[in-house]
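I opened my notebook today to look through one protein model and jot down what I could find. Here is how the session went, entry by entry.

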Amino acid sequence: MDLDVFVSAHRAEWDRLEALLRRQRRLNGAEADELVTLYQRTATHLSLIQSSAPDPQLTGRLSQLVARARSAVTGTRRASWRDVTRFLAHGFPAAVYKSRHWWVPTALLSTAVAALLGWWIGTHPEVQASIAAPSELRELTRPGGQYETYYSSHPAASFAAQVWTNNAWAAALCLILGVFLGLPVLWILFQNMLNLGIGVGLMSSAGRLDTFLGLVLPHGLLELTAVFVAAGTGLRLGWTLIDPGPRTRRTALAEEGRAAIGMAIGLALVLFVSGAIEGFVTPSGLPTWARITIGVAAEVAFLAYVYVLGGRAARAGETGDVEAAERSATVPMAA
């Protein structure tokens with residue numbers, strides 16, 4: 001595309017659209033029709049320039065012009081409880097469901113890595129010695145030691161809030177840093193599995209693995225699932241940069257990025273539930289079977305939410321992205 005020729009051919013339309021947007025008085029019928037037509041044309045021009053001959057200054061001007069025109073055509077829209085309901089009942093579970101081919105393998109592989117690390121640490125005294133001194137290891141793993149008292153070391157409410165904040169931040173990092181080809185996501189995921197593997201290995205070497213699992217499983221099932229979903233989505237976002245499919249790389253990244261932001265909000269709610277379980281249920285006086293049952297029930301409820309509600313919404317065309325009217329205008333791309 002010859003950008004100078006293209007600008008010369010369409011500058012008058014852009015100037016006319018800008019003039020209509022500056023009108024202080026109410027537009028008459030003919031002017032309103034003209035505004036809609038010019039908005040559609042300018043949106044198409046913007047997509048063509050972005051894909052064929054990107055020019056930062058021109059793209060900036062047309063992007064601003066298209067945004068103002070869209071606002072004038074569609075009107076100002078305020079978020080409502082309908083948006084919250086749609087997000088929780090359709091958008092979020094559909095986004096998690098559609099990314100299941102990423103986060104389910106991530107969960108399986110990560111669990112295998114944690115189990116392997118736990119076996120390696122638990123069966124090799126020299127590895128345990130490199131982690132801490134024997135006296136420190138005994139303090140960690142003894143009955144009433146640090147692994148057990150950790151969950152009751154602070155008031156339940158403040159502990160739950162701290163856990164929620166830390167986990168939500170880790171999940172957000174997985175989603176945000178996925179854009180760097182997913183490499184930081186792998187590191188965050190490995191750190192989480194290493195911490196889990198160390199706990200499994202040290203407590204199993206002390207013959208107290210059942211105690212450790214009884215403390216971890218009530219909140220850990222849902223918490224780790226949320227982390228795996230975030231990591232899988234982050235890896236998917238990174239892969240979009242490599243293989244955007246039939247979409248332009250810019251469009252694909254925008255769509256997947258908006259869905260990832262929505263998932264960060266949804267996963268924060270999921271992690272709030274796991275944090276509450278960790279703060280109030282894990283250190284409670286309930287028997288181990290009751291605490292684990294609560295954790296399993298929370299996990300099953302989340303998976304049913306994703307696979308039933310999310311699967312139904314995804315089959316109906318929901319992607320987790322914002323509604324079509326709020327997306328940037330694009331032109332069709334050849335497959």
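**Entry 1: Salt bridges**

I began by searching the whole structure, and the search came back with 9 salt bridges. I am working with a predicted model here. A reminder to myself: side chains of opposite charge can pair when their charged atoms come close.

I looked up Arg61 and found it in a salt bridge with Asp15, with 2.9 Å between the closest N and O atoms. This pair links distant parts of the chain, as Arg61 sits in helix 3 (residues 56-74) and Asp15 in helix 1 (residues 3-22), 46 residues apart. Are these two residues buried or exposed? I noted Arg61 as partly exposed, because its relative accessible area of 26% falls between the 20% and 50% cut-offs. Asp15 is also partly exposed, at 36% relative accessibility.

The pair has company, too: Asp15, Glu18, Arg22 and Arg61 are linked in a network of salt bridges.

**Entry 2: A pair from far along the chain**

Next I checked Glu318 and Arg86, whose side chains meet in a salt bridge at 3.2 Å, N to O. Which parts of the chain does this pair tie together? Glu318 lies in the segment after helix 13 (288-315) and Arg86 in helix 4 (residues 81-98), so the bridge ties together parts that are 232 residues apart in sequence.

I then compared how covered the two partners are. Glu318 has a relative accessible area of 14%, and I wrote it down as buried because that is under 20%. Arg86, at 22% relative accessibility, counts as partly exposed.

I added one more bridge to the page: Glu139 pairs with Arg142, the closest N and O atoms being 3.0 Å apart. Glu139 is partly exposed at 31% relative accessibility, and Arg142 is partly exposed at 37%.

**Entry 3: The largest pocket**

I turned to empty space. Rolling a probe the size of a water molecule over the atoms shows where empty space is left.

The largest pocket has a volume of about 670 Å³. I listed its lining at 22 residues, and those nearest the pocket centre are Tyr150, Tyr151, Asn195, Glu223 and Glu278. Helix 8 (146-149), helix 9, helix 10 and helix 11 are the elements that give two or more residues to this lining. Which element gives the most? That is helix 11, with 7 residues.

I also sorted the lining by class: 11 residues are nonpolar, 9 are polar and 2 are charged.

**Entry 4: Leu271**

I followed Glu223 from the pocket lining to another residue. The C-alpha atoms of Glu223 and Leu271 are 6.0 Å apart, although 48 residues separate the two along the chain. I found Leu271 in helix 12 (residues 249-281). Leu271 is buried, with a relative accessible area of 0%.

**Entry 5: A nonpolar patch**

Last, I went to the surface. Which residues form a nonpolar patch there? They are Leu181, Leu183, Leu186, Trp239 and Ile242, and together they have about 520 Å² of accessible area. Two elements give two or more residues to this patch, helix 10 (183-205) and helix 11 (209-242). I looked up Leu181 separately and placed it in the loop between helix 9 (156-177) and helix 10.

One link for the margin: helix 10 and helix 11 appear in the patch, and both helices also help line the largest pocket.

Conventions:
Residues numbered from 1 in each chain as written. Predicted model: local features only at pLDDT ≥ 70, side-chain atom pairs only at ≥ 80, totals over all residues. Heavy atoms only, no water. Patch = residues over 30% accessible without salt bridge, like charges linked within 9 Å, V, L, I, M, F, W, Y side chains within 5 Å. Areas by Shrake-Rupley, 256 points an atom, 1.4 Å probe, with all protein chains shown as cover. Salt bridge = Lys/Arg side-chain N within 4 Å of Asp/Glu carboxyl O. Helix = DSSP H or I, 4+ residues; strand = E, 2+ residues; numbered from the N terminus. 1 Å grid on protein atoms, 1.4 Å probe; cavity = no way out; pocket = protein on both sides within 12 Å on 5 of 7 lines; lining within 4 Å. Points joined across faces, edges and corners; volume = space filled by probe spheres on them. Nonpolar A, V, L, I, M, F, W, Y, C, P; charged D, E, K, R; others polar. Buried < 20%, exposed > 50% of the residue type's maximum accessible area, 1.4 Å probe, protein only.
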